[in-house]
Amino acid sequence: MGSTLILKVRTCLKPFFHQGSSAFLTVKSPVSLAVTPTARFLCTRNKDRRNSRQTSGHGGGKHGTIRWTEEELWDGALEGRGKKQSFYPRSVFTAGTAKRTAEMAKRKESMALEDEKQAARKEAVKLQPPDRPLSPAEWREMKESLGNLHDFDIRMMTVLFSKAELDIAKSLLTFVAMETGTLSYVLLLRYLTLCVKGGHDAEVFDVYDIMRGSFSCLDTGASTLFIKSFSRTARWKEAFDMLQEIKRVLTPSSRNYGDVIKAAMLNGDTTTAWALHDELIEKGKSPHQDTWETLFTRVTKSKEEEQEGDGAEVMSDSEQQERLLGILLYMRNNQIYPQQSLANSIKTWFESHTEQKWTGSWTTAAPKGLCRCCGKPLESIQLTDEEYQQLKDRVMSDVIQGQDVFNKTTPEELERFKTFVKRKPAFDVVVDGLNVANAKSDKSRLSETLLAVVSELKHQGLSVLVLGRKHMLWSSRSWNTHHMKLIQQKAHCFFTENISEDDPFLLYASLHSGNHCRFVSSDLMRDHKACMSDGATRRLFFKWQRGHQLVVHGYITAGRRVRFQSIHSYDTIVQTSGDSWHIPYDDTEDRCTYEVPVRWLCLTRTH
């Protein structure tokens with residue numbers, strides 16, 4: 001901080017402030033400060049704020065003669081008015097679908113939270129930060145005008161984050177020191193956050209010295225801020241030491257690792273950078289994308305710089321290339337999609353190997369699963385026999401026979417259903433009856449909606465199983481008994497007790513029928529995926545789901561064919577054929593976790 005307040009405190013250790021060329025205030029009479037040995041830098045633990053400090057974290061789909069073609073499932077369902085349309089509905093798993101659906105829903109709703117927003121705006125007006133540094137008297141006047149808020153200093157320092165005005169923050173520290181004789185840990189932590197956010201690394205160094213000297217230990221929040229700041233300076237190796245200190249107590253975050261990895265890479269110590277990256281992976285954590293971006297950005301030093309440098313260890317190009325390709329395989333195995341900036345770095349890195357003649361292009365995939373750029377086929381969304389058997393076994397054990405399955409049904413009902421399924425021929429499609437019926441907003445026509453969907457599937461020559469609940473058989477305003485009899489004529493039906501959930505039955509029937517069987521439901525099955533015991537099984541389930549789930553598209557209108565959202569024939573995952581890489585990437589922030597990108601990076605090598 002140079003000649004600012006905190007440095008003055010460190011050097012003078014006086015019970016009052018002297019006027020100086022860079023001081024924010026002049027004190028004509030001594031101000032009594034209760035300075036204890038452990039608070040020699042005016043930064044003691046405030047006894048009245050121990051509770052707040054503790055709460056802040058201180059201290060620590062082929063089968064028989066059935067052919068699932070686009071014409072049968074989608075295009076054939078688009079006939080209307082004697083003319084075939086070329087519309088190709090989006091998949092529920094396409095990036096941005098969830099956001100668009102939510103926005104449509106919001107347009108139909110009123111502004112229910114307007115009052116809360118207005119109250120928040122009023123609160124923000126109360127704590128408007130000043131536009132210049134204030135004297136202690138001016139700060140005191142402001143505090144009194146706000147009713148002498150007991151945490152005025154903490155709240156005001158937090159408000160200053162938006163402006164990141166260092167001088168104003170310093171004047172606030174001066175006022176607090178004059179008022180209370182101390183600067184609390186929480187206030188210093190807020191000030192540290194402001195300095196790190198504003199890039200005031202020199203100030204961070206001084207705060208580091210003060211807090212190290214005044215407090216026996218630092219919480220993970222402070223350590224994270226110090227690591228971030230030190231990592232972008234010449235003192236980056238101290239950030240490495242801080243990381244080692246954190247490891248004695250707990251596992252550092254991916255952000256902590258990422259900051260030091262980036263610093264080591266930018267300073268030419270590629271061996272340390274990759275060692276930390278490997279350590280991060282071994283601890284079961286996934287690196288942040290900007291960490292990978294740094295690794296793909298080739299940072300090289302001349303031999304002279306290496307000889308004159310600080311002994312940094314440099315990894316060979318061939319070894320780094322192997323490591324970087326390993327990152328792409330890690331993305332594949334963990335179904336991670338790079339963001340646009342990382343995809344740019346990957347493209348640049350491939351094209352930098354001029355001797356290998358790599359060329360990168362931005363593209364999309366055709367509906368039949370071909371890359372629109374190079375024309376090569378992408379991997380199929382269908383599971384291999386081995387993958388399917390693995391998934392089937394795990395779903396049976398984790399979901400169908402899981403510990404909570406009988407919270408959704410009874411042992412007798414489940415056994416009755418298993419016997420029912422075994423006595424029937426393999427199904428081509430399983431319908432979640434209640435879910436499909438509720439696809440239409442008109443709740444007085446539930447049975448009509450379900451009948452329309454079942455009739456469409458039967459029209460396509462498919463063997464259909466409809467799962468429902470017993471109350472659907474009772475005559476009511478929503479359930480027409482004539483419609484239900486027609487459904488039972490067109491499809492196999494199984495009706496569970498009204499208190500039972502039909503998802504486990506749907507999964508059992510679909511997986512038991514074979515890899516060709518699809519299911520109709522708008523339920524994304526996130527709860528069931530979460531029940532699976534390992535990430536690999538969850539990713540297999542998501543792949544199976546994207547290749548087998550049919551979702552009704554648009555409105556169901558009497559006299560018109562039912563349409564379904566498209567199922568992609570290809571898998572959206574990082575993939576390679578040796579002389580090519582195809583990498584799906586995010587070019588939008590609209591994608592939800594259960595959606596997949598629509599844009600691809602195509603990398604090909606010419607011979």
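Helix 26 (residues 535-548) lies across strand 7 (518-520) and strand 8. Its direction is about 75 degrees to strand 7. Helices (H or I, at least four residues) and strands (E, at least two) are DSSP runs, numbered from the N terminus. Axes are lines fitted to C-alpha atoms, for helices over the stretch in contact, where contact means heavy atoms within 4.5 Å. Angles run from 0 to 180 degrees between N-to-C directions.

This is a predicted model: local features need pLDDT of at least 70, side-chain atom pairs count only at pLDDT 80 or more, and totals for chains, interfaces and linings use all residues. Residues are numbered from 1 along each chain as its sequence is written, and side-chain values use heavy atoms, with hydrogens and water left out.

Strands 7 and 8 belong to an open sheet of five strands, ordered 6-5-4-7-8, with parallel pairing. Strand 6 (492-496) and strand 8 (549-550) stand at the edges; each has a single partner strand, so one side of each is left without a neighbour in the sheet. Two strands pair if DSSP finds at least two bridges between them. Strand 4 (residues 429-432) and strand 5 (residues 464-469) have four bridges in the parallel sense. There, Val429 has Val464 of strand 5 as its bridge partner.

A second helix lies across part of this sheet. Helix 20 (residues 411-423) crosses strand 5 and strand 6, at about 175 degrees to strand 6.

Now turn to strand 13 (residues 599-605). Strand 3 (residues 358-363) pairs with strand 13 in the antiparallel sense, over six bridges. Gly360 stands opposite Leu603. Strand 12 (residues 580-585) also runs antiparallel to strand 13, joined by six bridges. Here Ser580 stands opposite Thr604.
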